[in-house]
Amino acid sequence: MNKHIKYSVLIILGLALFIGLVKAQPIPIGTTLQPEPFDSNPSAYALNGFTATQVPTTSPPNWWDGSLGTPGAITLFSSLSPGTSISTAYVNVTGFKTPVSPVFNPGWVDIQVSYSYSSVAASAWDSFRLEYTVGTTNPWKTLLPDTVLQNVIPQTNNAFSQLANPTGAATWSWTDIASLRVRIFFTKSAPWDFKTFVVWEIWATIHNNPLPPTDGGATTLSVQPRIVYGVDSTSAVPGVFVEVYVENAHDMFTYEFNMTVDPTVLTPLEADPLGPWASALGGSPIIDPSATPSWIYVSFGMPPPVPVGSAFTGNAPVCRIYFLVNVPSGASDIIFKPGTVILGDSQGIQIPATIYNGHYQAAVPPVPEFPLGIDIVMLLAPAVAIVYLWRARPKKRVN
Ligand SMILES: [Ca+2]
């Protein structure tokens, strides 16, 4: 076993005992005002198949208020007697927002759901699954397959990445995003008995850039998007975020890296583990915002038990990192510090990975309607009249 990996895992587990889960991120989801990626929150939900007494017990907007720290619970309750026909019910979330002024066409779509369940069932288990679709006539696609509600589920931020468009189209449009629907589908195996299922936040993240190339199926770790553009300087929260993506992972159990930026432009704020690491073991990220370059160090492992060979395989966002933007017009590389990226598998063996860094820069200037710019056109406009008058002037007769 690679000693470094072994000790990293031990340190992660040790830190988890003392520190517990990472703290909630301070910048509300969807309020960074960065143009890309675009965080799309829903705005409405409807209950289907519940009785009138099964109204949410806390404010539904807590499901889309941008905070992973504000829960909204629904009570699973039924007055039906045991043995009565099995019921199913679902909560349908709709009204996903789109940008006022889109600056890119959607490339790929991730849906993220943060949920928890606090009860322990003695015998009969209910179950739930997560699904999504576009519009009302396309098939529902599975995000999370049926999962029994037998034991306590700690707050889990599940990220479902690079989702296929349920319309069958190869790409997504903003119209698709506007009619995106996510539902939590419950199956009742016995009368529901006032147990509560809690949703902390639901949102979709719309990306533009294609993924980095993965020659020969090699594992890559990349900053997405590769270029994150500046925020509106009038934003109340002048922050941006990037996501760290793993592509072609095989049995990936842990990850750690040190990410550096120019401290005069960006200040690292927070790192939130995602996907299989969402309820990860690990300490809060360690940040030195005053160093040059400033850095944020993260180290997470999947929650045990993880049988050998059963850690994560596939593509997923593993972490979201927030930065405060000090100089919106500035520029900064977002770099995995060389030698600090370590991916480990379930046996503690390091997984080789190709690294793709990122970059922050000021917002792309809008494409001018006139190639020379409107200022030049305005300057030249009087010249047209002058030339016309000049050519139309009375000619002197030449004998
Ligand atoms: Ca919330």
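**Close-up views of a predicted model**

**View 1. Threonine 220 has bridge partners in strands 21 and 13.** In strand 21, threonine 220 is bridged to threonine 354. In strand 13, threonine 220 finds its bridge partner in glutamate 247. This is a predicted model, and the views that follow take us from this spot to other parts of it.

**View 2. Strand 11 is flanked by strands 21 and 13.** Take strand 11, residues 220-224, as the centre of this view. On strand 21 (residues 354-356) the pairing is parallel, with 3 bridges. With strand 13 the pairing is antiparallel and runs over 5 bridges.

**View 3. Strand 11 is covered on both faces.** Here 5 of the 5 residues of strand 11 are buried. In a regular strand, side chains alternate between the two faces of the sheet. For strand 11, Thr220, Ser222 and Gln224 lie on one side, Leu221 and Val223 on the other, and all of them are buried.

**View 4. Isoleucine 321 is a buried residue of strand 17.** Strand 17 spans residues 312-325, and isoleucine 321 lies within it. Why does isoleucine 321 count as buried? Because 23 other C-beta atoms lie within 10 Å of isoleucine 321, and the cut-off for a buried residue is 20 or more. Setting aside neighbours within four places in sequence, isoleucine 321 is in contact with Phe241, Val242, Val244, Met259, Pro268, Ala271 and Ile296. Proline 268 is worth a second look: 53 residues separate proline 268 from isoleucine 321 in sequence, yet their C-alpha atoms are 7.6 Å apart.

**View 5. Strand 14 pairs with strand 17 in the antiparallel sense.** Follow the pairing along and you will count 7 bridges between strands 14 and 17. One of the partnerships links threonine 267 to leucine 324 in strand 17. Strand 14 covers residues 266-273, and 6 of its 8 residues are buried, so strand 14 is largely enclosed by the rest of the structure.

**View 6. The largest nonpolar core has 81 residues.** Which residues touch the most other members of this core? They are Ile202, Ala204, Met252, Met259, Val318 and Ile321. Strand 13 (residues 239-261) supplies the largest share of the core, 13 residues. At least three residues of the core come from each of domain 1 (1-20 + 211-372) and domain 2 (38-207).

**View 7. Methionine 252, a member of the core, and its contacts.** Leaving out neighbours within four places in sequence, methionine 252 is in contact with Val246, Ala311, Phe312, Leu343, Asp345 and Ile351.

**View 8. Five strands form an open, antiparallel sheet.** Reading across, the strand order is 2-4-9-6-7. Strand 2 (44-48) and strand 7 (141-149) are the edge strands; each has a single partner strand, so one side of each is left without a neighbour in the sheet. From one strand to the next, the twist averages 15°. At the strand 7 edge, strand 6 (residues 126-134) pairs with strand 7 in the antiparallel sense over 6 bridges. Here leucine 130 stands opposite leucine 144 of strand 7.

**View 9. Stepping back, the protein has 3 helices and 22 strands.** How much of the protein is buried? Of its 399 residues, 37% count as buried. Among contacts with a separation of 6 or more, 80% are between residues 24 or more positions apart.

Notes:
Residues are numbered from 1 along each chain as its sequence is written. This is a predicted model: local features need pLDDT of at least 70, side-chain atom pairs count only at pLDDT 80 or more; totals for chains, interfaces and linings use all residues. Helices (H or I, at least four residues) and strands (E, at least two) are DSSP runs, numbered from the N terminus. A residue is buried if 20 or more other C-beta atoms lie within 10 Å of its own, exposed if 12 or fewer, and partly exposed in between; C-beta atoms are placed from the backbone. Two residues are in contact if their C-beta atoms, placed from the backbone, lie within 7 Å. A nonpolar core is a set of buried Ala, Val, Leu, Ile, Met, Phe, Trp, Tyr and Cys residues joined through C-beta atoms within 7 Å. Domain bounds come from an automatic or database domain assignment. Two strands pair if DSSP finds at least two bridges between them. Axes are lines fitted to C-alpha atoms, for helices over the stretch in contact, and angles run from 0 to 180 degrees between N-to-C directions.
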